[in-house]
Amino acid sequence: MREIRVNSHSSPSPTVAVPEDIRPVAVTSAEWDEWFRSGIPHKVSDFESAQFYSRAHQKRGWRTVDIGCGHGQWTRQLARWQMRVTGYDYSAVAVEQARRTMSHARLDYEVWDVTADSIPAGIEPGSVDLVTCRFSLAYLDMARFLVDVGRWLSATGVFYALTPVERPGGEPSRWYHKGLTEEQITALGQGWSSRSTYTVGSYRAILLSGYGR
């Protein structure tokens, strides 16, 4: 285990232990661009929507950030629930496709390499009510990313993720469909006062809140 100190502009920073074995899967932006030109988007099922809606207790007008938005299916669903959403993706092709699909005053998309680039100016500590991340966690520096998410969220804010589950001895996942092991999923709750997981088809959903409390 190692410790990461949360950087805060206004208060002392809690120190949270994170596992050393959480490492991102490296894929270039050019590879993602090519995949998004021809790949099939991850659809949002009615079951996923219903489960999230009943469990996350989200509210109209929530400031929401969708990390790894891809073609924007989930980002658009959040906007339909009257949230103000910005979808971020590593792939410029994905962002352009998402922008062409739906234009709305509550909806925006931006290109952002979460691991390498600076945090966008619009994301300030305590300024976000909901952060979502579908099918993207395995590609991020999760320890650092969740520290950042904890900083961004408001006191009542929620983090939601959906991920494939990597089974020991199972068929290796394709590079564009990487997931987390059960051990990695369990470790994601460290440093958060509330954690719940549930199954969505063959995937695992994770809800976290109360970071550093």
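# Exercises on a predicted model

In helix α2, which spans residues 46-56, the buried residues are E48, S49, Q51, F52 and A56. The model is a predicted one, and the exercises below start from this helix.

## Exercise 1: Around helix α2

Find out which elements the buried residues of α2 pack against, and what follows the helix.

*Solution.*
- Step 1. Begin with the buried set, E48, S49, Q51, F52 and A56.
- Step 2. Look for their contacts: these residues pack against helix α3 and against the strands β6 (128-134), β7 (153-164), β8 (192-200) and β9 (203-211).
- Step 3. Move on to the residue just after α2. Here H57 has a positive phi, about 55°.

## Exercise 2: Tracing the sheet

Work out the order of the strands in the open sheet and name its edge strands.

*Solution.*
- Step 1. Walk across the 7 strands of the open sheet: the order is β5-β4-β3-β6-β7-β9-β8, and the pairing is mixed.
- Step 2. Check the ends. β5 (107-111) and β8 each pair on one side only, which makes them the edge strands.
- Step 3. Add the twist, which averages 15° from one strand to the next.
- Step 4. Zoom in on β7 and β9, an antiparallel pair with 7 bridges. Y160 has L207 in β9 as its bridge partner.
- Step 5. Now place the helices. α5 (residues 142-152) packs on the sheet, where it touches β3, β6, β7, β8 and β9, and its direction makes about 145° with that of β7. α3 lies across β3, β4, β5, β6 and β7 and runs at about 150° to β5.

## Exercise 3: A loop residue

Decide whether S202 is buried or exposed.

*Solution.*
- Step 1. Locate S202: the residue sits in the loop between β8 and β9.
- Step 2. Apply the cut-off. Exposed means over 50% relative accessible area.
- Step 3. S202 has 56% relative accessibility, so it counts as exposed.
- Step 4. Look for a partner far along the chain: P164 is 38 residues away in sequence, yet the C-alpha atoms of S202 and P164 are separated by 6.9 Å.

## Exercise 4: The largest pocket

Describe the largest pocket by its space and its lining.

*Solution.*
- Step 1. Start with the space, about 530 Å³.
- Step 2. Turn to the lining: 30 residues, with W32, G68, D89, S136 and Y139 nearest the centre.
- Step 3. Sort the lining by class, which gives 19 nonpolar, 7 polar and 4 charged residues.
- Step 4. Ask which elements contribute. α1 (29-38), β3 (63-67), α3 (73-80) and β4 (84-89) each supply at least two lining residues, and α1 gives the most, with 3.

Note on methods
Residues are numbered from 1 along each chain as its sequence is written. This is a predicted model: local features need pLDDT of at least 70, side-chain atom pairs count only at pLDDT 80 or more; totals for chains, interfaces and linings use all residues. Side-chain values use heavy atoms; hydrogens and water are left out. On a 1 Å grid over the protein atoms alone, a cavity is a set of points where a 1.4 Å probe fits but cannot get out, and a pocket is an open set with protein on both sides within 12 Å along at least five of seven lines; lining residues have an atom within 4 Å of a point. Grid points are joined across faces, edges and corners, and a volume is the space filled by probe spheres set on the points. Helices (H or I, at least four residues) and strands (E, at least two) are DSSP runs, numbered from the N terminus. Ala, Val, Leu, Ile, Met, Phe, Trp, Tyr, Cys and Pro count as nonpolar, Asp, Glu, Lys and Arg as charged, and the others, Gly among them, as polar. Buried means under 20% relative accessible area, exposed over 50%, partly exposed in between (1.4 Å probe, protein chains only). Contact means heavy atoms within 4.5 Å. Two strands pair if DSSP finds at least two bridges between them. Axes are lines fitted to C-alpha atoms, for helices over the stretch in contact, and angles run from 0 to 180 degrees between N-to-C directions.
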